[in-house]
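Thanks, everyone. Let's get the structure up on the screen, and then I'll walk you through one residue and its surroundings.

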Amino acid sequence: MLKTIIISEGDPTGIGYEILEKSKNRLDHFARSNLIVLARSQSKITCNAFNEISLDSLFTKPPRKGLFQLTDSFLKSTGERNIILGKPNVFSGAVSYQSLKFAIQIQKRIRGNLITLPLSKEWVIKSGEKNFRGHTEELAKSYKRDTTMMMSGPSMKVIVLTTHIPLVR
């Protein structure tokens, strides 16, 4: 059965691109029969495994399968020069939050599954999103329904009882 998978970039200064690179064989395998789309900023970090597609093409004539990254930037800023691996900052926090929101908008429009790459809650909050608590809570807010976080590995799947409850306030 054909599926669509949308991936949010996460923090472009973090390990998201390393995760994509290490998942390349698996992504290639899934892309043979599924559409996989990466919602990413236009940073100079390359993701060679992904073909390019415009948002307009994705919405009007989506390919049935393949591995794609959007060529349209969801950013209106030129802060891409502030993207340095291992050096998160206010701009990378904003990028990661905008990527999540952009991926959600795409998912609502074309349907499919959503994969969220890691982001720094600290830098998302410092970028101006003072009420941000995490992916799970943002998804609950965006879809107006309860959500559950699940982590999956080769031998087990784990659903946590609580999400992002601070130990100290």
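Start with Y97: is it buried or exposed? Its relative accessibility is 9%. Buried means under 20%, so Y97 counts as buried. Keep in mind that this is a predicted model.

Where does Y97 sit? It lies in helix α4, which covers residues 90–110.

Now, which residues does Y97 touch, leaving out those up to four places away in sequence? The list is V124, E129, F132, E138 and K141. Pick out E138 from that list. The side chains of Y97 and E138 are joined by a polar contact of 3.1 Å. Look at H135 as well. Along the chain, Y97 and H135 are 38 residues apart. Their C-alpha atoms are separated by 9.2 Å.

Next, the sheet. It is open and has 5 strands. Read the order with me: β3-β4-β2-β1-β5. The pairing is parallel. Which strands are at the edges? They are β3, residues 51–53, and β5, residues 113–116. Each of these pairs on one side only. From one strand to the next, the twist averages 30°.

Zoom in on one pair. Strand β1 is residues 4–8, and strand β2 is residues 35–39. They pair in the parallel sense, over 5 bridges. Take I5 as an example: its bridge partner in β2 is I36.

Last, back to the helix. What does α4 pack on? The answer is the sheet, where α4 touches β1, β2, β4 and β5. The direction of α4 makes about 165° with that of β1. And that is the helix that holds our buried Y97.

Definitions and conventions:
Residues numbered from 1 in each chain as written. Predicted model: local features only at pLDDT ≥ 70, side-chain atom pairs only at ≥ 80, totals over all residues. Heavy atoms only, no water. Helix = DSSP H or I, 4+ residues; strand = E, 2+ residues; numbered from the N terminus. Buried < 20%, exposed > 50% of the residue type's maximum accessible area, 1.4 Å probe, protein only. Contact = heavy atoms within 4.5 Å. Polar contact = N/O pair within 3.5 Å; in protein donor to acceptor, adjacent residues only side chain to side chain. Pairing = 2+ DSSP bridges. Axes fitted to C-alpha atoms, helices over the stretch in contact; angles between N-to-C directions.
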